[in-house]
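Me: I've got a protein structure open and I'd like to go through it step by step. Can you help me read it?

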Amino acid sequence: MTPDQRADAGLLTEIDHVAIAVRDLEAAISYYADTFGATVSHRERIESDGVEEALIRVADSYIQLLTPTTPDSPVARYLERKGEGIHHVGYRVADCGAALQAVRDAGGQLIDQTPRPGSRGTTVAFVHPKAAFGTLIELVQE
Ligand code: CO
């Protein structure tokens, strides 16, 4: 075993997804299809978050193309402020509630105080980017 294989990401077991905010979901899907031959494995509208997503599977992880469905959703505001691009990183965890508590105990800043339903039947919680070196982190329990 190499030293790299022994390295440990603690509570983070895998990259679940990299989320990319886009203005035109169909155009982004076409780009990945035409450029990389990548096809969508899952689509879902999450009304409570005001988003529609298209997931492209890459090995055991996903690229999550994300577009707002309402003008006042957080992703719509993000696009207005920062434009298209990487929006958040989803890390897989074994237990979302335990991981959230660990972030809280470490003095991290939470967006979700308790885990909530995500897409694909997952349980998720978001950690604020301000106290996480500028990256919005999503904890994802499958
Ligand atoms: Co996500």
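Reply: Sure, and let's settle one word before we start: donors are N, O and S atoms within 2.8 Å of the metal. Keep in mind that this is a predicted model.

Me: Okay, which protein residues are the donors of the cobalt ion?

Reply: Along the chain, the donors follow the spacing H-x70-H-x49-E, so look for two His and one Glu. Their atoms lie 2.0 to 2.1 Å from the cobalt ion, and the cut-off is 2.8 Å. The donors are His 17 (NE2), His 88 (NE2) and Glu 138 (OE).

Me: How many residues apart in sequence are the parts that His 17 and Glu 138 tie together?

Reply: His 17 lies in strand E1, residues 14-21. Glu 138 lies in strand E8, residues 137-141, so the pair ties together parts that are 121 residues apart in sequence.

Me: And is His 17 buried or exposed?

Reply: Buried means under 20% relative accessible area, and exposed means over 50%. Glu 138 falls in the buried class, and His 17 does too: buried.

Me: Now the sheet. Which strands stand at its edges?

Reply: Eight strands form an open sheet with mixed pairing, and their order is E2-E3-E4-E1-E5-E8-E7-E6. An edge strand here has a single partner, so one side of it is left without a neighbour in the sheet. That describes E2 and E6.

Me: In what sense do E2 and E3 pair?

Reply: E2 covers residues 40-46 and E3 covers residues 51-58, with six bridges between them. For instance, Arg 45 stands opposite Glu 52, and His 42 has Leu 55 as its bridge partner. The sense of the pairing is antiparallel.

Me: Which residue in the hairpin of E2 and E3 takes a positive phi?

Reply: Four residues sit between the two strands of that hairpin. One residue there takes a phi near 65°, and that's Gly 50.

Me: Which residue in the loop between E7 and E8 has a positive phi although it is not a glycine?

Reply: Ala 59 has a positive phi of about 55° and is not a glycine, but its place is in the loop between E3 and E4. Ala 59 counts as exposed, at 66% relative accessibility. In the loop between E7 and E8, the residue with a positive phi of about 55° is Phe 133.

Me: Is Phe 133 buried or exposed, then?

Reply: The cut-off for exposed is over 50%. Phe 133 has a relative accessible area of 85%, so Phe 133 is exposed.

Me: Which element gives the most to the lining of the largest pocket?

Reply: The largest pocket holds about 780 Å³ of space. Of its 37 lining residues, the closest to its centre are Pro 74, His 87, His 88, Phe 126 and Leu 136. The elements giving two or more residues to the lining include E1, E8 and helix H3 (74-82). With six residues, the element that gives the most is H3.

Me: How many charged residues does that lining have?

Reply: Sort the lining of the largest pocket by class and you get 14 nonpolar and twelve polar residues. The charged ones number eleven.

Me: Last one: where does the largest share of the largest nonpolar core come from?

Reply: That core has eleven residues, among them Ile 20, Leu 25, Tyr 32 and Ile 56. Helix H2 (25-36), E3 and E4 each give two or more. The largest share is four residues, and it comes from H2.

How values were computed. Residues are numbered from 1 along each chain as its sequence is written. This is a predicted model: local features need pLDDT of at least 70, side-chain atom pairs count only at pLDDT 80 or more; totals for chains, interfaces and linings use all residues. Side-chain values use heavy atoms; hydrogens and water are left out. Donors are N, O and S atoms within 2.8 Å of the metal (3.2 Å for Na, K and Ca); water is not among the atoms, so sites may look incomplete. Buried means under 20% relative accessible area, exposed over 50%, partly exposed in between (1.4 Å probe, protein chains only). Two strands pair if DSSP finds at least two bridges between them. On a 1 Å grid over the protein atoms alone, a cavity is a set of points where a 1.4 Å probe fits but cannot get out, and a pocket is an open set with protein on both sides within 12 Å along at least five of seven lines; lining residues have an atom within 4 Å of a point. Grid points are joined across faces, edges and corners, and a volume is the space filled by probe spheres set on the points. Ala, Val, Leu, Ile, Met, Phe, Trp, Tyr, Cys and Pro count as nonpolar, Asp, Glu, Lys and Arg as charged, and the others, Gly among them, as polar. A nonpolar core is a set of buried Ala, Val, Leu, Ile, Met, Phe, Trp, Tyr and Cys residues joined through side-chain atoms within 4.5 Å.
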